[in-house]
Amino acid sequence: MKNIIFLVIIFFGTAFASMGQKYAYIDSDYILESMPEYNDAKAELDKYATRWQKEIDELYKQIEKRKSEFLRVEAILPAEEREKRQEEISTMESEALEMQQLRFGVSGDLFAKRRELIEPIQDKVFEALGKVASNRNFAFVFDKANQSNLIFADPKYDISKMVLREMGISAR
C-alpha cells in the first residue's frame, strides 16, 4: 500500500513540476543565414574548398594522363622501365589521396578553417541564446535545424528572432 501511495505522489509530483517548465525552439539555420558575418565566413570557406578541390582534380588529371601514356607504350617498354612507370603512377595516386586527406579529411585543412571561421559565430549565437533562454526562464530550447527529431513545433514558441535581436541583428 505504501508503494502505491509513493508511486502516486511521484507521478503527480513530476506532472505538476513539468507544468512549470517552459520550452522553446530555434532554427539555427535561419539564425546563421541571417548573419552577414556567417555568410561571409561561409563564402570564404567555400573559396578554400573550391581552390583545394581544383588542386586535387588537377593531380588526378595528371595521373590519368600518365596512365594513358603508359598504356599506349606499355607493350614496347622493357620490364624495368614498365615497373618504374607503374611505381611512379602508384606514388602519384598515393600523393593525391594524401592531399585529399590533408585538405578534406576529419582533421584536415577545411575542418580547421571551418573551426577558425564558423565556430566563433556559432559561439556568439549560443551566448545570445543562453541570455534569451535565461531572461525568459526557458527550461529547454530545441533546435529544429540539423537533422532534428522535432516533428512539430508551434511557431509561437520559436525564439529565433529574439536570439537575432539579442545579437543586434534585424530579423528578415
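**Exercise 1.** How close do the axes of α5 and α6 come, and at roughly what angle do they cross? Use this to classify the pair, then list the residues that touch.

*Solution.* A quick note before starting: we're working with a predicted model here.

Step 1. Look at the geometry. The two axes, α5 and α6, come within 4 Å and cross at roughly 40 degrees.

Step 2. Classify the angle. Roughly parallel needs an angle under 35 degrees and roughly perpendicular runs from 65 to 115, so α5 and α6 end up oblique to each other.

Step 3. Find the contact. On the α5 side you have R114, R115, E116 and L117, and they meet E119, P120, I121 and Q122 of α6.

Step 4. Sort by class. This contact splits into three nonpolar, one polar and four charged residues.

**Exercise 2.** Work out how α3 (residues 36-73) packs against α5 (residues 109-117).

*Solution.*

Step 1. Start with the numbers: the helices pack at an angle of about 170 degrees, and their axes are 10 Å apart.

Step 2. Angles over 145 count as roughly antiparallel, which means that α3 is roughly antiparallel to α5.

Step 3. Check the hand. The crossing of α3 and α5 is right-handed.

Step 4. Pick out the players. α3 brings A41, E44, L45, Y48, A49 and W52, while α5 answers with D109, L110, K113, R114 and L117.

Step 5. Tally them: seven are nonpolar, four are charged and there are no polar residues.

**Exercise 3.** Do the same for α3 and α4 (residues 79-104).

*Solution.*

Step 1. Here the axes come within 10 Å and cross at roughly 165 degrees.

Step 2. With the same cut-off of 145 in mind, α3 and α4 are therefore roughly antiparallel to each other.

Step 3. Now the hand: α3 passes α4 in a left-handed crossing.

Step 4. The contact of α3 with α4 holds 14 nonpolar, four polar and eight charged residues.

**Exercise 4.** Describe the largest pocket: what is its volume, and which residues lie nearest its centre?

*Solution.*

Step 1. Its volume is about 280 Å³.

Step 2. Of the 15 lining residues, those nearest the centre are S28, L32, Q122, D143 and N146.

Step 3. Map the lining onto helices. α2 (28-33), α3 and α6 (119-135) are the elements giving two or more residues each. The largest share, five residues, comes from α6.

Step 4. Finish with chemistry: the lining divides into six nonpolar, three polar and six charged residues.

Notes: Residues are numbered from 1 along each chain as its sequence is written. This is a predicted model: local features need pLDDT of at least 70, side-chain atom pairs count only at pLDDT 80 or more; totals for chains, interfaces and linings use all residues. Side-chain values use heavy atoms; hydrogens and water are left out. Axes are lines fitted to C-alpha atoms, for helices over the stretch in contact, and angles run from 0 to 180 degrees between N-to-C directions. A crossing is left-handed if the near helix is turned anticlockwise from the far one by less than a right angle, and right-handed if clockwise. Contact means heavy atoms within 4.5 Å. Ala, Val, Leu, Ile, Met, Phe, Trp, Tyr, Cys and Pro count as nonpolar, Asp, Glu, Lys and Arg as charged, and the others, Gly among them, as polar. On a 1 Å grid over the protein atoms alone, a cavity is a set of points where a 1.4 Å probe fits but cannot get out, and a pocket is an open set with protein on both sides within 12 Å along at least five of seven lines; lining residues have an atom within 4 Å of a point. Grid points are joined across faces, edges and corners, and a volume is the space filled by probe spheres set on the points.
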